[in-house]
Structure formats: structure tokens, C-alpha cells
Amino acid sequence: MMKNVLVGQSGGPTAVINSSLAGVYETAKACGAPHVYGMQYGIEGVLEGKIVDLDTVLSDKMDIELLKRTPSSFLGSCRHKLPDAAVDERPYHQLFELFAQYDIGAVFYIGGNDSMDTISKLSTYGQSIGSEIRFIGVPKTIDNDLMLTDHTPGYGSAAKYIATILKEVICDSSVYDLRSVTVAEIMGRHTGWLAAASSLAAGPDCNGPDLILLPERAFDEEAFLARVAELEKERHNVIIAVSEGVKNTDGVFLCDLVSTAGQLDAFGHKAILSGTSRYLAELIRVRLGCKTRAIEFSTLQRCASHLASRTDITEAYQVGGASVEAAMRGETAKMCAIKRLSDQPYRVETEMVDVTQVANFEKKVPDEWIAADGMHVNENFERYARPLIQAELTPIYINGVPRHIHLG
């Protein structure tokens, strides 16, 4: 009989992170785990003894269906960085004592780069003390910046939201016969995967954004203004999508030129990036003298489960289940990745990769997918991203609004 399982969620949530939790839970139970425990507020919550028996809160199939369609992190989250065990072993002693107390045989952590750092450290420490506990990372991030995986669960739904909402913004911008520029600010601290998804708004009934600015390219103010001026001569309404993390040629975040939000999280990342669209809108207004407006998509990109991609929900569930199966085979210090087999028809499979090759690295948008002037993406990105936003899973509506499931 398999030992008990412990699963947690960490970092920023997504519209489908709970589908991965459902995959871990159902597969672990099918494999014979007596109990599946959840970390309340990630590894930080475990250190405070906050552990819940999921058997008591996921009592039937309807709970699982609601879980798949509920945004945010059902178990709660954290941004807690474990210290180097060589410097401070105390949290590891505490965690492994709790693992023993709950008879844990496998630990699964659903998250991004920083969560893979946690899995890497736990597995390394476990191996150093001869522990048989398996530690597996389950990928999640709307940023799509994890190495060794074709894409990450959470990205497809965020991309679908961005493309859909930007398309509606483009319709709205054409209401008046006026010269105007709309700048839409999209998440993405160091990589442009999300901003690039704005290109998916294009189709037979929509041209999509005119310019897309990515962190992969330094912002050249004069080249940018010259291009906007050219576009203004061609059309009344210009639409620009920009990553929040775009920097100028001096390496300064554009958002810091509006306000210096210097707060850092536990992993040393800027906790607040906001103002890039406002900076660009004001720059265009002053230099080119036309009407501008700035829009921030903000946290809606990661919580809009009503616009989730069915492909994304399905794959999120699959990586959760495949992670459990890998642990059952005895694997540890791994992350479950998605391997693309073909674009048309779109086919993928899961594979296990070394978590140390994922933790604390970032995957950028490939250079060959970015337009020559650095202000748009090309058909290579379209071919990659279009399959990820396909199909829908309608929320379960009760009294006119979606029904969700909540812990406690």
C-alpha cells in the first residue's frame, strides 16, 4: 500500500492550477494513497503546521468538477524561499519531522520557477539524509517561462483571455472617428510570452495589435515614436500591447519611470510592476500630440476561469496525474514537462525532466519568433501558441454566476 501524499500550490495562481491539483488528488487515490494531504499556503503553511486532509473537502465527483473550474489556488499560496540547507538546516528538520508524522511518501508542489527551487532543495536534502520520500514538481505559470517544457499549464488560458479581451478593446477603440492610441499593459516581468499572445487577436475580422513590445528587446524611444507616427498616418486607431517588464536601453523598467515600486519578493523579484502603459501613453501624447489611453489587464489575466482554454484545463490535469505516476515508479527530483509531438494535428505527451535544470532559469521568447524591428511577433509564434487556446469549458452557473469551490 502506498504511503500518504502531500500536495501544495505556490506562487501566483492561474485559471487552471486547481485542475492540476485535481489530477494529483484523483490519481493518488486511484493508486492507493490512504490520504492525500494539502499544504495550506504552500511550504510556508506547512512550516506552521497548516495541513488539511483533502479527503474531507473533496467528497464527490462534483467537487472535483468544481475544482477544475475554480480560479486561484484552492489551497492558498506563498512566496517562501527555503534557505540553503548548508547554511540553515532548521526548516528542513521541521519539514521532514512533519513528513514523518503524516507518513508522507511523496510531495508534489504545483508552481513555477521558484517552486521548482523548493522541490530541488527538498529532494537534495532528502537524498542527503537517506529519505525515501519522492519530490516532484508540477509545472504552473501564466508566464510560460519554465525550461524543458514546451509550455506551461496556465499559459494557454491567460493567452486566450488576452487575445479575447484585446480583440474587444480594439472594437471599442474604433467607436469614434478620432486619432487615438491605446496602450494595453500585459503581465510579463522578464519574458514576453503573454504580450506576444495579444497577436492571437488577429483574424479575418480583426487586425490585432499594431505593435507588441517584449522584454526580450530593449525599448528604443525614438524608433518606437517614429513607428507610431507612421502607423498614425495609415489609420485612426493604433493599438499597442506591451509587457509590464519592458526596459529601456539603460536597463531601467519603463514602469519605474512613472513610479519606483521597489518592493521585492522572497526570491528577489520585483513584486509590483505597474505603469508601463501609462508611461508610453503619456510619451505618445506629449511627443506626437494625439489622444491616448492606457489599460492594464492586471490580475484578470490569471483568474479569468470563464475564459479558460479546455486544452489548458486538460493538460493541467494530465501533468498532475503523470507526476503521481512518476513518483509511484520511484522517480524524484523531477518536474513533469509537456513535450510537443506535432502542431497539426496538435499532439503532446508528458515526460519527466531534471528539476535542477528548471529551477531559477527562465525561457525567453525565441529570437526567430520576434519581428526584425523587435516590435511584433511572426508566424512562428502563431503556429506555436494557437493550439494552446483552443476550446472552452463552460463554468457551472448558479443563479447567474459561476459556482466555485473554496477551502474552509
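What is the volume of the largest cavity? In this predicted model, the largest cavity has a volume of about 40 Å³. The count of cavities of 30 Å³ or more comes to 1. Its lining is made up of Ala15, Lys68, Arg69, Ser305, Ala308, Ile313, Leu393, Thr394 and Pro395. A pocket is also worth a visit: the second largest one holds about 250 Å³ of space. Lining this second largest pocket are 14 residues, and those nearest its centre are Lys3, Ile104, Gly105, Glu132 and Ile133. At least two lining residues of the second largest pocket come from each of helix H4 (90–101), E4 and H11.

The strand E4 just mentioned belongs to a sheet, which is a good place to continue the tour. The sheet is open and consists of 7 strands, placed in the order E3-E2-E1-E4-E5-E10-E11 with mixed pairing. At its edges are strand E3 (51–53) and strand E11 (347–354), each of which pairs on one side only. On average, neighbouring strands of this sheet are turned by 30° against each other, direction ignored.

Within the sheet, strand E1 (residues 4–9) and strand E2 (residues 36–39) run parallel and are joined by 3 bridges. Val7 has Gly38 of E2 as its bridge partner, while Val5 stands opposite Val36 in E2. Strand E2 is covered on both faces. Val36 and Gly38 are buried on one side, and Tyr37 and Met39 are buried on the other.

Two helices can be placed against these strands. Helix H1 (residues 17–30) lies across E1, E2, strand E4 (104–111) and strand E5 (134–139), and runs at about 180° to E1. Helix H11 (residues 310–328) also packs on the sheet, where it touches E4, E5, strand E10 (334–342) and E11. The direction of H11 makes about 165° with that of E5.

One residue of E4 helps to show how these parts meet. Ile110 is located in strand E4. Ile110 counts as buried because its relative accessibility is 0%, below the 20% limit for that class. Leaving aside residues up to four places away in sequence, Ile110 touches Val7, Gly8, Gln9, Ser10, Ile17, Ser20, Leu21, Ser115, Val138 and Lys140. A separation of 24 Å lies between the C-alpha atoms of Ile110 and Ile129, which are 19 residues apart along the chain.

Attention now turns to the nonpolar interior. The largest nonpolar core has 37 residues, and the members that touch the most others are Tyr155, Leu194, Phe297, Phe381 and Tyr384. Two or more residues of this core are given by each of helix H6 (155–173), strand E6 (180–186), helix H7 (193–196), strand E8 (237–243) and helix H12 (379–385). Helix H6 provides the largest share of this core, with 10 residues. The surroundings of one member, Leu194, can be listed in full. Not counting residues up to four places away in sequence, Leu194 touches Ile142, Asp143, Tyr155, Ala158, Ile162, Ile186, Met187 and Gly188. Apart from the largest core lies another, of 34 residues, including Met2, Ile110, Ala322 and Ile405.

Finally, a few details of the backbone deserve a look. Most residues other than glycine have a negative phi, and most peptide bonds are trans. Tyr41 has a positive phi of about 65° although it is not a glycine. Tyr41 sits in the loop between E2 and helix H2 (42–47). With a relative accessible area of 43%, Tyr41 is partly exposed. Asn360, too, has a positive phi, near 70°, without being a glycine. The loop between E11 and H12 is where Asn360 is found, and Asn360 is partly exposed at a relative accessible area of 45%. As for the peptide bonds, the one from Gln344 to Pro345 is cis, with omega near 0°. Pro345 lies in the loop between E10 and E11.

Conventions:
Residues numbered from 1 in each chain as written. Predicted model: local features only at pLDDT ≥ 70, side-chain atom pairs only at ≥ 80, totals over all residues. Heavy atoms only, no water. Core = buried A, V, L, I, M, F, W, Y, C linked by side-chain atoms within 4.5 Å. Buried < 20%, exposed > 50% of the residue type's maximum accessible area, 1.4 Å probe, protein only. Helix = DSSP H or I, 4+ residues; strand = E, 2+ residues; numbered from the N terminus. Contact = heavy atoms within 4.5 Å. Pairing = 2+ DSSP bridges. Axes fitted to C-alpha atoms, helices over the stretch in contact; angles between N-to-C directions. 1 Å grid on protein atoms, 1.4 Å probe; cavity = no way out; pocket = protein on both sides within 12 Å on 5 of 7 lines; lining within 4 Å. Points joined across faces, edges and corners; volume = space filled by probe spheres on them.
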